[in-house]
Amino acid sequence: MLYREAGEFKTSYSDDSQTFPITFDRSVFYITLIIAFAVVPFFVSSYMANAVLVPFLIWSIVAIGLNILTGYCGQVSLGTGGFMAVGAYACYKLMTSFPDLNIFFSVLLAGVVTAFVGVLFGLPSLRIKGFYLAVATLAAQFFLVWLFNKVPWFYNYSASGQITAPERTLFGIIITGPNTLPWAKYLFCLMIVVLVALVARNLTRGNLGRKWMAIRDMDIAAEIIGVNPLTAKLSAFAVSSFFIGIGGALFFSVYLGAVEVGEAFGINQSFIALFIIIIGGLGSIFGSFVGAAFIVLMPVLLKNIMVGVLEWPTDIAAHFEFIIVGGLIVTFLILEPHGLAQLWRVIKEKLRLWPFPH
Amino acid sequence: MKLTKLAAIAAVALTAASPVMAELVFPSLSYRTGAYAVGGIPFADGYADYMTLVNERDGGVGGVATRILECETGYNTAKGVECYEATKGEGALIYQPLSTGITYQLIPKASADGIPVHSMGYGRTSAANGKVFNWIFNYPANYWTGASAAINYFNAEDGGLSGKKVALVYHNSGYGKEPIRTLEELSKKHGYELMLVPVDHPGQEQKSQWLQIRQQKPDYVLLWGWGVMNQVAIQEAANIRFPMENMMGIWWSGAEADVIPAGEASNGYKALALTGVGNDYPVFADIQKYVVDAGKAAGAGDQIGTVPYNRGIYAAMLAVEAVKVAQAMHSTADITPAMMRDGMENLNIDEALMTALGMPNFGPTFSVSCENHGGPGLASVTQWDAAAGKWNVIAPFAAPDMDVIGPLIAEDSAAFAAENNITPACK
């Protein structure tokens with residue numbers, strides 16, 4: 001009753017092809033944005049920002065990046081952690097080499113650097129696909145982590161190999177470093193998330209996105225109808241790595257503040273990113289957000305319930321957390337193999353017909 | 001989006017509900033799960049048991065009860081940040097995260113929030129310079145003094161390391177890399193050749209590293225591992241028949257759990273020690289009486305007297321003594337983190353105090369000052385007796401080569417100060 005397109009008449013092509021054609025969707029989207037930008041920053045606590053919202057936003061960026069490559073272009077990648085590391089180290093080198101550079105541009109340029117590295121490691125995708133490509137990108141993961149461990153130039157010759165984010169500002173507001181206020185961190189990440197999501201959404205709806213999807217669905221057929229696999233695949237690698245690099249840069253500079261490449265950007269991160277898009281839904285921007293929320297926030301929520309409310313011992317809670325999250329993943333995948341985004345799509349279909357489905 | 005909001009609401013509700021009453025809050029960022037739990041569990045048990053003992057036997061510190069706020073990190077830095085954020089609002093007095101990675105995270109954050117961090121025998125070595133790191137302490141010893149102690153021991157035993165080869169088998173992380181700079185400096189002084197053998201997290205597979213050692217035949221091996229990596233390294237060393245008495249671990253690679261899996265083969269393995277070994281100290285009788293027999297032991301209660309457990313007790317004891325100093329200095333029982341910092345900076349551990357606490361000769365005597373947050377860096381050497389199943393102290397607490405380490409600390413802390421616009425000064 002509430003959720004329907006009946007009665008909505010589109011009089012121009014741009015109206016008809018907008019992201020949210022249904023008024024109800026559109027208004028929910030704008031209300032969410034308004035709440036996120038204008039209400040949350042006034043109430044966000046240090047814990048909420050540092051342990052809940054900022055990691056959620058950053059993982060959403062990474063998931064959008066990986067979704068472009070894997071979900072839209074069909075190239076399976078296990079190198080996400082490595083590409084995040086490229087973003088983080090590029091951001092660190094930019095921050096320390098050019099102290100006057102605005103943090104926004106450091107993050108953006110870190111994404112550009114990662115895009116180049118991504119294209120480089122994307123070259124094998126022109127010859128191999130599927131599992132074999134996954135193994136090739138796995139090599140990227142291990143090589144990049146090894147590189148940042150091995151070459152002291154990347155970590156400015158510090159004794160322990162750790163990189164620490166110095167204090168940097170945007171319009172005089174501190175964004176990185178220990179003195180950052182929670183709302184500044186949150187708003188900075190939110191702004192970048194919104195930009196990334198808008199760009200990604202529009203890229204995937206356009207010419208480029210259609211080429212990617214053609215390659216994903218059947219590369220030979222795509223080639224016959226005139227899609228150049230070289231540009232399509234490499235552009236997917238470039239755009240995907242650009243986003244993942246931005247995510248990695250934020251992960252290091254805004255979220256953690258100090259990282260050690262082996263731990264912060266190990267193979268685990270690659271798996272987490274892959275889980276996020278599989279749970280959320282391959283080839284869906286919305287799915288990237290839901291997946292990130294599920295994988296990143298569910299453990300925090302469970303921990304707070306089990307330790308904070310039920311007062312269980314911390315080790316039992318930690319083990320239960322694995323069991324419950326694992327169980328939920330399996331349950332969701334059995335109920336809806338195409339991810340939470342598909343579940344949402346089904347719900348929407350049902351809502352349109354409700355309450356008279358016949 | 002639904003889940004986000006749910007999580008947000010729950011998290012807000014949970015953090016808002018913190019009780020308000022006079023107590024001394026000690027967050028314990030422990031790890032009882034994962035590849036490093038083998039060291040994390042006994043340390044957390046020791047830390048919690050000592051705090052329980054203080055409550056049960058003495059009625060708290062200066063009449064104020066202590067409270068342990070345990071949070072599971074799994075030795076993971078992101079979870080460590082979450083734990084820090086979750087616990088700092090509850091009046092946390094001091095952080096002892098038992099993880100070099102998490103310590104690096106907390107150094108800038110805790111300094112900005114004004115909460116002291118005590119990284120006892122780990123963390124950033126140059127934090128010993130209290131003028132730059134006002135809030136960070138790493139007494140009584142750190143990685144660089146540990147590296148020096150190991151080299152000094154082998155140097156004395158061997159009658160000169162000139163022309164010898166020393167291999168460092170290390171956890172390929174900030175923790176494992178810390179000693180490299182010191183070992184390089186010391187190699188110039190003693191004339192040995194340093195061979196670096198990194199092992200990646202978690203270190204369950206070390207065949208290639210030990211093959212390399214078998215081929216290149218170093219005279220001595222220093223082990224800088226943690227968690228499962230230690231057991232595997234000692235087992236692999238036994239497999240290639242590396243002489244155990246020429247192998248020495250840092251204090252994080254010298255627990256019972258590290259040597260027992262290799263059985264008889266680990267006999268003679270040496271390790272540095274921060275504290276006394278075994279449970280032959282009066283304080284353990286009190287722990288038995290007030291904590292274990294009362295059914296208040298943390299964890300499974302089966303770790304008492306092991307090396308990491310003793311270290312947990314020692315860490316808790318140093319924290320409690322710092323609280324006492326702070327209470328005396330500010331003449332209030334309910335202290336703040338800032339007062340705690342003052343207490344730590346004026347801490348003085350002498351033999352009379354240790355005896356009074358039931359820990360005679362348990363640790364070195366030392367005092368802390370603003371210039372020196374690192375203490376004297378004393379470490380003893382222990383050797384594993386596989387037949388008896390216990391560690392024996394074979395060299396007493398000895399001083400490291402501060403002529404070499406002092407300038408390194410000054411250099412590294414100056415670099416940190418420059419990077420972060422800190423003007424070195426006492427607080």
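Me: What percentage of the 427 residues of chain B count as buried?
Reply: This is a predicted model, and burial is judged from its coordinates by counting neighbours. A residue is buried if 20 or more other C-beta atoms lie within 10 Å of its own. Among the 427 residues of chain B, the share that counts as buried is 59%.

Me: How many helices and strands make up the secondary structure of chain B, and what is the radius of gyration of this chain?
Reply: Chain B comprises 15 helices and 13 strands. For 427 residues the globule rule gives 22 Å, and the value for chain B is close to that, so the chain is as compact as a globular protein of that length. Its C-alpha trace spans about 60 × 60 × 50 Å along the principal axes. The radius of gyration of chain B is 21 Å.

Me: Which domains does the assignment give for chain B, and what distance separates their centres?
Reply: The domain assignment divides chain B into domain 1 (20–141 + 277–377) and domain 2 (143–273 + 379–406). Taken over C-alpha atoms, the centres of domain 1 of chain B and domain 2 of chain B are separated by 26 Å.

Me: Which helix gives the most to the side of domain 1 of chain B that touches domain 2 of chain B?
Reply: The contact takes 19 residues from domain 1 of chain B and 27 residues from domain 2 of chain B. On the domain 1 side, helix H2 (37–58), helix H4 (100–113) and helix H12 (307–330) of chain B each supply at least two residues. The residues of that side divide into 11 nonpolar, 8 polar and no charged. The helix that gives the most, with 3 residues, is H4(B).

Me: Which element supplies the largest share of the side of chain B that touches chain A?
Reply: Between the chains, 43 residues of chain B are in contact with 42 residues of chain A. Several elements of chain B each supply at least two residues of this side, including helix H1 (2–16), strand S2 (66–72) and helix H15 (402–419). The side divides into 15 nonpolar, 15 polar and 13 charged residues. Its largest share, 9 residues, comes from H1(B).

Me: What is the radius of gyration of chain A, and how many helices and strands does this chain have?
Reply: A compact globule of 358 residues would have a radius of gyration near 21 Å, and chain A agrees with its value of 21 Å. The C-alpha atoms of chain A fill a box of roughly 70 × 55 × 45 Å along the principal axes. Its secondary structure comes to 15 helices and 4 strands.

Me: What share of the contacts in chain A with a separation of 6 or more joins residues 24 or more positions apart?
Reply: Of the 358 residues of chain A, 49% count as buried. Among contacts in chain A with a separation of 6 or more, the share from residues 24 or more positions apart is 76%.

Me: Which helix of chain A gives the most to the largest nonpolar core?
Reply: This core holds 242 residues, of which A:Ile61, A:Ala88, A:Cys189 and A:Leu250 touch the most other members. Domain 1 (20–141 + 277–377) and domain 2 (143–273 + 379–406) of chain B both give residues to this core, so the core lies between them. The helix of chain A that gives the most, with 19 residues, is H3 (residues 46–72).

Me: Which residues does A:Leu250 touch, not counting those up to four places away in sequence?
Reply: A:Leu250 is one of the core residues that touch the most other members. Leaving aside residues up to four places away in sequence, A:Leu250 touches A:Ile58, A:Ile61, A:Val107, A:Cys189, A:Ile192 and A:Tyr255.

Terms used. Residues numbered from 1 in each chain as written. Chains lettered and ligands numbered in written order. Predicted model: local features only at pLDDT ≥ 70, side-chain atom pairs only at ≥ 80, totals over all residues. Domains from an automatic or database assignment. Contact = placed C-beta atoms within 7 Å. Nonpolar A, V, L, I, M, F, W, Y, C, P; charged D, E, K, R; others polar. Rg over C-alpha atoms; globule rule 2.2 N^0.38 Å. Buried ≥ 20, exposed ≤ 12 C-beta atoms within 10 Å, placed from the backbone. Core = buried A, V, L, I, M, F, W, Y, C linked by C-beta atoms within 7 Å.
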